[in-house]
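Please find below my notes on the model, set out as numbered points. They are intended to be read beside the sequence and the structure.

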Amino acid sequence: MKRGFRLTSIWRLISEMITVHRNEEVIKEGLASIIIPRLELYKRPDGSIEPAWMPVFYNPHAIVSRDFTILFLRGVMGDRDFIFLDSLGGSGVRAIRIALESNGIGIVNDIDPRAYYYIRRNVDLNNLRDRIQVYNNEANVILNNLVFTGVFLDYIDVDPYGSPIPFIDSAFKPLSKRAYIGVTATDTAPLSCTYPNKTLIRYWSKCIKVDFEKEYAIRLLIAVLVQRASALEIALEPLLSFIHRHYIRVFFKTERSAKKAYDIINNCIGYTWYCKNTLEKGFVKTPEEASSITCYDGSSPILLGKTWICSIEDVETINKLVVESTKISWLNKETVKILSVLKNEVDVNKPYIRLDKLCGLYKTNIPDIISLINELKSMGVRCSRTHLDPKGIRVDASHEILVNSILKLSLRRI
Ligand SMILES: C[S@@+](CC[C@H](N)C(=O)[O-])C[C@H]1O[C@@H](n2cnc3c(N)ncnc32)[C@H](O)[C@@H]1O
C-alpha cells in the first residue's frame, strides 16, 4: 500500500517534469539568467503569481529580499572572497546572484529533486560550475554534515516556507568563528500574534494584539534567534532587518564567543511595555523597570516579551549598503525605497507609533507626516518615518510632546 503510494507520487513528479519542460522561460534577475517553469501557468485569477504552485519555487516579489542579500554581502564582505551556503535554494536564483554579483563561492541545496534539477541547469546556464556546487539534501542534514567536513562558512542563507525555526539550530553550527547569516520568516501571522497559541509554542511569547504588530514580529523573531544561538555560545547581532510584503528578513553578524553571547543577551533581550488605551510604548530590560512607568491616562502598562530591545539596524552597515546601492543599476525600485527609509530609521530605536490610530484616539486629523517630523526635529527630538508602516513614525519624545505637536499641526490644517 505504502509502496504503491510512493510509486504513484514519483510517477506524478516525473510526468509533471515532462510537462514543465515543454513550458519553460528564461528570466533575468540581477546578473542572473534563470530557467523556470512558465510563470503565467501559475497565476491566480487576480493575476498574481502563486510560487507555491510551481514545480520549482520562484517568487518574483522576493527580488527585494535577494537584492538586499547582494547589497548586504557586498557591504560586509567588501572585496574578500567568501564561502556561502544557500540551504533552501528553490530555483538557485539567490545563490547564482551571490556568485555573480559578489565574491561568493559556495553551495546551493534543495530537498526537492525538481528544484535540484533546475538549480543544476541554472548554474550551468550562468557558467558557474566552478563557483557553485549543487546538493539535493534535507537542509538540516547538509548543515549538520558540514560541521564534520571542516568546511566552515562565512555566510548561510535560510529562506524557508514559513518559519525558520525547523532549520535555525542546524544553521548556526557550520558558521565560521566570525560570519553572517540571513534569515527569512514568512510566518508573520504567529509572529504578530494573529494566533497567540502558535506564538507561544513556536516563539515562547505570550502576546496580545497591538497596533505595532510588524515591530513586535521583527523583534520577537530576533529575540528568539539570538537566544537559540546563545545556547550554542554563538553571539548574534542584527545588522539589517526589514519587512516586505509577506516576509521578514534579518541579517545577523555572528561570532563564536560565550562572552559576547552573554553580553548581547544581558543588554539586548528585554520587554516592550505597552499602554493599550493611550498606545504609548517603549522598551525596558526588566519587569522591575516597567513597574515605575505610568501611562498618560494613569493606568499601568502591559509587558510583552521577551523582545529584542537594542537597535534592529546597524548604522555602519546601512551606510555601506547605501554606497553599494549607488554601484548597482539593476536594483528593484522597492529595494531602493526601503533602503532610503532605513537610512533615517536607524537613528531612532523606539517602537513605531501609528498616526492614524493615535489621531483616532484624540479625534483629530492626521497631520502631514513630513511637517510633523520637521516640527518635532525643530524641538531637538529625534524622529523618522518607518518602512514598516506608511502612517508610522519613530519618535524619541514623551507622549505629551508628540500629542501636542500633532494637535498643533492638525488645528493648523482645519
Ligand atoms: C522559499 S523557497 C526558497 C527560495 C529561494 N531561496 C529564492 O530566493 O528564490 C524554499 C525552498 O526550500 C525547499 N525545502 C523545503 N523544505 C526543505 C528541507 N527540509 N530541506 C531542504 N530544502 C527544503 C523547497 O523545496 C523550496 O524550494
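1. In this predicted model, the C-alpha centres of domain 2 and domain 3 are 24 Å apart. Domain 2 covers residues 60–308 and domain 3 covers 315–408, while domain 1 takes in 9–53. The contact between domain 2 and domain 3 draws on 25 residues from domain 2 and 24 residues from domain 3.

2. Which elements give two or more residues to the side of domain 2 that touches domain 3? They are α2 (63–77), α9 (213–231), β8 (234–244) and β11 (281–284). The most comes from α2, which gives nine residues. By class, this side of domain 2 consists of 13 nonpolar, five polar and seven charged residues.

3. A right-handed β-α-β unit is formed by β4, helix α4 (residues 113–125) and β5. Strand β4 (residues 104–109) pairs with β5 in the parallel sense, over four bridges. Within this pairing, V108 has V134 of β5 as its bridge partner.

4. The side chains of strand β5 (residues 132–135) alternate. On one face are I132 and V134, which are buried; Q133 and Y135 point to the other face and are not buried. V134 is thus a residue of the buried face and also the bridge partner of V108.

5. Helix α3 (residues 93–101) is mostly covered, with eight of its nine residues buried. The buried set comprises V93, R94, A95, I96, R97, I98, A99 and E101. The reader may note that charged side chains are included here: R94, R97 and E101 are among the buried residues of α3.

6. The ligand is surrounded by 19 residues, of which L88, G90, I111, A139 and D159 come nearest. The shell around the ligand is made up of ten nonpolar, three polar and six charged residues.

7. Some backbone geometry deserves a check by eye. Most residues other than glycine have a negative phi, and most peptide bonds are trans. C193, although not a glycine, has a positive phi of about 75°, and R245, also not a glycine, has a positive phi of about 50°. The peptide bond from G305 to K306 is cis, with omega near 10°; K306 belongs to strand β12 (residues 302–308).

8. Are C193 and R245 buried or exposed? C193 lies in the loop between α7 (188–191) and α8 (196–203), and it counts as buried because it has 22 C-beta neighbours inside 10 Å, where the cut-off for burial is 20 or more. R245 lies in the loop between β8 and β9 (247–256). R245 has 12 C-beta neighbours inside 10 Å and therefore counts as exposed, the limit for that class being 12 or fewer.

9. An open sheet of three strands runs in the order β13-β15-β14, with antiparallel pairing. Its edge strands, β13 (353–354) and β14 (383–386), each pair on one side only. The pairing of β13 with strand β15 (residues 389–395) is antiparallel and extends over two bridges. In this pairing R354 stands opposite G392 of β15.

Conventions: Residues are numbered from 1 along each chain as its sequence is written. This is a predicted model: local features need pLDDT of at least 70, side-chain atom pairs count only at pLDDT 80 or more; totals for chains, interfaces and linings use all residues. Domain bounds come from an automatic or database domain assignment. Two residues are in contact if their C-beta atoms, placed from the backbone, lie within 7 Å. Two strands pair if DSSP finds at least two bridges between them. A crossover is right-handed if, with the strands pointing away from the viewer, the path from the first strand over the helix to the second runs clockwise. A residue is near a molecule or strand if its C-beta atom, placed from the backbone, lies within 6 Å of it.
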